[in-house]
Amino acid sequence: MSIRGAAAVVGVGQTPYYKRNTAPRSTRGLVAEAVIQAAQDAGIDPRDIDGFASWGDDPTEGTHIATALGVRELRWSSLAWGGGGGGQVPSILQAVAAIATGMADCVVVYRGMNQAEEGRLPYAKGHFDTQYSAHGILTPVQTCALRTQRMLEIDKVPPSALEALALAGYHHAQNNPRAVAYGQPLDAEAYRASRLISEPLRLNDCSRENDGAGAILLVSADRAKDTRGKPAYVLGGVQGFVAGWGELTENHNPYTSNGLLPPMVERLWRESGVGVEDVDVTQVYENFTGPAVAALIDVGLVPPGPAAGEVMTLENLTVEKGRLPMNTAGGNLADGFVHGIGVVLEAVRQIRGDSPNPVADAKVSLLLGGPMAPQVGAMLFGSADALA
């Protein structure tokens with residue numbers, strides 16, 4: 001059974017980003033705000049939502065949000081496991097599966113955070129095993145720095161690839177009033193002068209820390225025709241990991257991987273009916289620039305090794321002139337970071353045409369989730385033309 005065309009995103013909702021301890025509402029209140037916005041965007045009564053899905057140990061259970069919204073019937077509630085953005089794509093796939101099998105009709109995928117309530121990294125409890133902690137590796141940036149250094153030293157990917165990704169995000173953020181880095185451009189000189197956080201990752205290689213919430217609302221493709229606005233249809237998606245990848249041991253593959261190893265990538269293109277050459281725009285979850293570059297190599301958008309630097313240039317990654325525009329709202333680096341919900345929203349907005357930096361006539365939008373997390377994922381959204 002293929003999920004191609006089984007569901008569509010018909011509503012998008014998002015709160016502003018807030019600095020730590022400045023959010024005006026609880027996590028549950030922020031999520032409710034985003035969900036209501038998504039429903040209004042689609043022209044659907046929030047009480048008609050019957051499914052809820054999130055990831056990363058989101059503390060706002062579907063049962064709680066359903067009760068707060070006064071839904072008429074709760075038919076689906078799920079949480080995708082995995083640290084950081086690892087459950088980002090799986091949670092969307094859970095929503096699609098619920099709709100495709102008739103378990104629910106209208107499912108919202110959301111992520112929210114108020115650090116005053118649960119801290120920054122609730123998902124990380126128990127995430128780093130003794131192999132890491134015994135050697136002083138206690139945070140995601142340290143693990144991703146180790147793998148990034150391997151990518152630079154062993155795979156010979158040039159550091160300029162990381163720099164280009166960071167600069168592209170900040171470039172796009174200057175046209176996005178919602179972005180935390182709006183009005184704060186970044187150039188190569190400032191990037192290179194920024195302090196090291198965990199070598200080789202610098203300050204501007206790292207995602208931001210924000211409070212807020214976002215949501216997308218999905219229904220069946222048939223029902224999408226009767227909703228307000230332009231749908232973004234689900235073309236395909238993959239999640240998980242293959243042998244040699246996981247959270248308890250470092251990977252020993254012949255190259256540094258995001259976790260989207262060849263069998264998963266091949267399945268994505270085969271089941272979606274599109275190829276890597278059909279991708280018009282990409283949103284990659286960049287908790288840090290290194291894992292994001294690895295993800296782009298994994299899916300075939302960027303060549304491995306030194307040639308990665310020939311593709312990963314600022315000009316090539318920007319909407320105005322690039323052949324590979326990405327993170328067009330600013331990404332986790334410059335837009336804002338609530339465990340990746342922002343890049344989910346932007347992947348959908350590019351198809352709907354309401355991105356702050358729209359790619360002209362975008363038909364296929366690629367979302368890459370959770371680089372170097374315990375499980376990872378990739379998702380393709382498309383226009384009606386791509387689905388035909």
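Among contacts between residues at least 6 apart in sequence, 77% join residues that lie at least 24 apart in this chain. I should state at once that the model under discussion is predicted.

Let me turn to the overall form. The chain contains 16 helices and eleven strands. Its radius of gyration is 19 Å, close to the 21 Å that the globule rule gives for 388 residues, so the chain is as compact as a globular protein of that length. The C-alpha trace spans about 55 × 45 × 45 Å along its principal axes.

Next, the surface and the charges. Of the 388 residues, 61% count as buried. The accessible surface comes to about 14500 Å², and carbon and sulfur atoms contribute 52% of that area. The chain carries 30 positive and 41 negative charges, and the mean positions of these two sets are 3 Å apart.

I now come to a group of paired strands, beginning with β8, residues 232-240. Is this strand mostly covered or mostly open? It is mostly covered, since eight of its nine residues are buried. Strand β1, residues 7-14, runs antiparallel to β8 and is joined to it by two bridges. Within that pairing, Ala8 stands opposite Tyr233 of β8.

Strand β8 also pairs with β11, residues 376-382; these two strands run antiparallel and are joined by seven bridges. Two positions illustrate the register. Gly237 stands opposite Met379 of β11, and Tyr233 has Gly382 of β11 as its bridge partner. Tyr233 therefore deserves a second look on the screen: it faces Ala8 as well as Gly382. 

Why can β11 be called largely enclosed by the rest of the structure? Seven of its seven residues are buried, so the rest of the structure largely encloses this strand. The cover extends to both faces: Val376, Ala378, Leu380 and Gly382 are buried on one side, and Gly377, Met379 and Phe381 are buried on the other.

The remaining partner to present is β10, residues 364-369, which pairs with β11 in the antiparallel sense over six bridges. Here Leu366 has Leu380 of β11 as its bridge partner. Strands β10 and β11 form a hairpin with six residues between the strands, and in this hairpin Gly370 takes a positive phi near 65 degrees.

To close, I would draw attention once more to β11, which pairs with β8 and with β10, and whose two faces are both covered.

Methods
Residues numbered from 1 in each chain as written. Predicted model: local features only at pLDDT ≥ 70, side-chain atom pairs only at ≥ 80, totals over all residues. Heavy atoms only, no water. Helix = DSSP H or I, 4+ residues; strand = E, 2+ residues; numbered from the N terminus. Rg over C-alpha atoms; globule rule 2.2 N^0.38 Å. Buried < 20%, exposed > 50% of the residue type's maximum accessible area, 1.4 Å probe, protein only. Contact = heavy atoms within 4.5 Å. Areas by Shrake-Rupley, 256 points an atom, 1.4 Å probe, with all protein chains shown as cover. Lys, Arg positive; Asp, Glu negative; His and termini not counted. Charge placed at Lys NZ, Arg CZ, Asp CG, Glu CD. Pairing = 2+ DSSP bridges.
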